[in-house]
Amino acid sequence: MDLDNPAAIHRMVQLFYASLLDDPVMEPVFMEVAGVHLAEHLPLIEGYWCKMLLGKDTYHRNMVYRHERVHDKFPLSREHFELWFDHFNHTLDAHFEGPYTEKARKLARRILRNLARWLNARDQELAGMAESDSY
Ligand code: HEM
């Protein structure tokens with residue numbers, strides 16, 4: 001099955017989150033730090049991927065800002081980023097194949113890298129501001 005329709009994307013998000021939330025390092029980030037309500041969160045994630053893969057008008061929020069808020073409460077580490085991608089990758093490997101699946105893999109890797117760089121650069125900037133405040 002390829003990720004070329006909303007039903008397949010729905011299935012992918014269900015499987016991906018089952019895997020993520022079964023991981024003792026990742027689960028608390030979602031359930032404790034962010035306190036997500038899965039009944040609201042999962043449809044948003046589906047909408048995001050329907051937009052990214054199928055070009056649908058199904059996601060309008062600022063996802064970077066949401067990760068900044070999570071990171072400010074509980075710093076996301078290299079381990080979190082690696083685990084997130086492992087779970088995503090394994091979900092695709094185990095259940096999906098085809099050009100849209102490969103597009104999803106590439107997009108996820110690129111977005112993940114950009115997000116990690118952005119949060120890192122922001123940490124440095126905030127640290128710099130804190131330092132200059134003390135003069
Ligand atoms: C270390 C890696 C990641 C972690 C720990 C993580 C965790 C989270 C958490 C806890 C939320 C909920 C935020 C909230 O509602 O307050 C969230 C939202 C979201 N995540 Fe991630 N995420 C990661 C990487 C990614 C990547 C790489 C993508 C996209 C490819 C992504 C897509 C999204 C989207 C679209 C939302 C926003 C949903 C909304 O609008 O409420 N995440 N993430």
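Which residue is the only protein donor of the iron atom of the ligand? That job goes to His-67, which reaches the iron with its NE2 atom at 2.1 Å. Keep in mind that you're looking at a predicted model. The protein has 6 helices and 0 strands, so let's start with the overall picture and then walk through the charged residues.

**The overall picture**

- Reading along the sequence, you meet the pattern α-α-α-α-α-α.
- The C-alpha trace spans about 60 × 30 × 25 Å along its principal axes.
- The protein has 135 residues, and 39% of them count as buried.

**The iron and its helix**

- His-67, the iron's protein donor, sits in helix α4, which covers residues 63-73.
- Helix α4 also holds Glu-68, a residue that pairs with Arg-122 over in helix α6.
- Asp-72 is another helix α4 residue with a partner in helix α6, and once again that partner is Arg-122.

**Salt bridges between helices α4 and α6**

- As background, side chains of opposite charge can pair when their charged atoms come close.
- How many salt bridges does the count come to? The count is 6.
- One of the pairs is Glu-68 with Arg-122, whose closest N and O atoms are 3.8 Å apart. This pair links distant parts of the chain, since Glu-68 is in helix α4 and Arg-122 is in helix α6, 54 residues apart.
- Are Glu-68 and Arg-122 buried or exposed? Both of them are buried.
- For Arg-122, the relative accessibility is 15%, and that's why it counts as buried: the cut-off for buried is under 20%.
- Arg-122 also forms a salt bridge with Asp-72, and here the closest N and O atoms are 2.9 Å apart. Because Arg-122 lies in helix α6 and Asp-72 in helix α4, the pair ties together parts that are 50 residues apart in sequence.
- Asp-72 has a relative accessibility of 41%, so it counts as partly exposed.

**A salt bridge inside helix α5**

- Glu-82 is found in helix α5, which runs over residues 78-95.
- Glu-82 forms a salt bridge with Arg-78, with 3.1 Å between the closest N and O atoms.
- Why are these two separated by about one helical turn? It's because Glu-82 and Arg-78 are 4 residues apart in helix α5.
- Glu-82 counts as partly exposed because its relative accessibility is 42%.
- Arg-78, at 67% relative accessibility, counts as exposed.
- Back to the pairs between helices: salt bridges that share partners join Glu-68, Arg-69, Asp-72 and Arg-122 into one network.

**Charge on the surface**

- Which residues form a positive surface patch? They are Lys-106, Arg-109, Arg-113 and Arg-117.
- Arg-117 belongs to helix α6, which covers residues 99-133.
- With a relative accessible area of 55%, Arg-117 is exposed.
- Arg-110 is in helix α6 too, and its relative accessibility of 53% makes it count as exposed.

**Distances worth tracing in 3D**

- Try finding Arg-110 and Cys-50: they are 60 residues apart along the chain, and their C-alpha atoms are separated by 17 Å.
- Next, look for Glu-82 and Glu-102, which are 20 residues apart in sequence and 18 Å apart in space, C-alpha to C-alpha.
- Leu-83 is another residue of helix α5, and it counts as buried at 19% relative accessibility.
- From Leu-83 to His-41 you cover 42 residues along the chain, while their C-alpha atoms are separated by 19 Å.

Conventions
Residues numbered from 1 in each chain as written. Predicted model: local features only at pLDDT ≥ 70, side-chain atom pairs only at ≥ 80, totals over all residues. Heavy atoms only, no water. Donors = N, O, S within 2.8 Å, 3.2 Å for Na, K, Ca; no water. Patch = residues over 30% accessible without salt bridge, like charges linked within 9 Å, V, L, I, M, F, W, Y side chains within 5 Å. Areas by Shrake-Rupley, 256 points an atom, 1.4 Å probe, with all protein chains shown as cover. Salt bridge = Lys/Arg side-chain N within 4 Å of Asp/Glu carboxyl O. Lys, Arg positive; Asp, Glu negative; His and termini not counted. Charge placed at Lys NZ, Arg CZ, Asp CG, Glu CD. Buried < 20%, exposed > 50% of the residue type's maximum accessible area, 1.4 Å probe, protein only.
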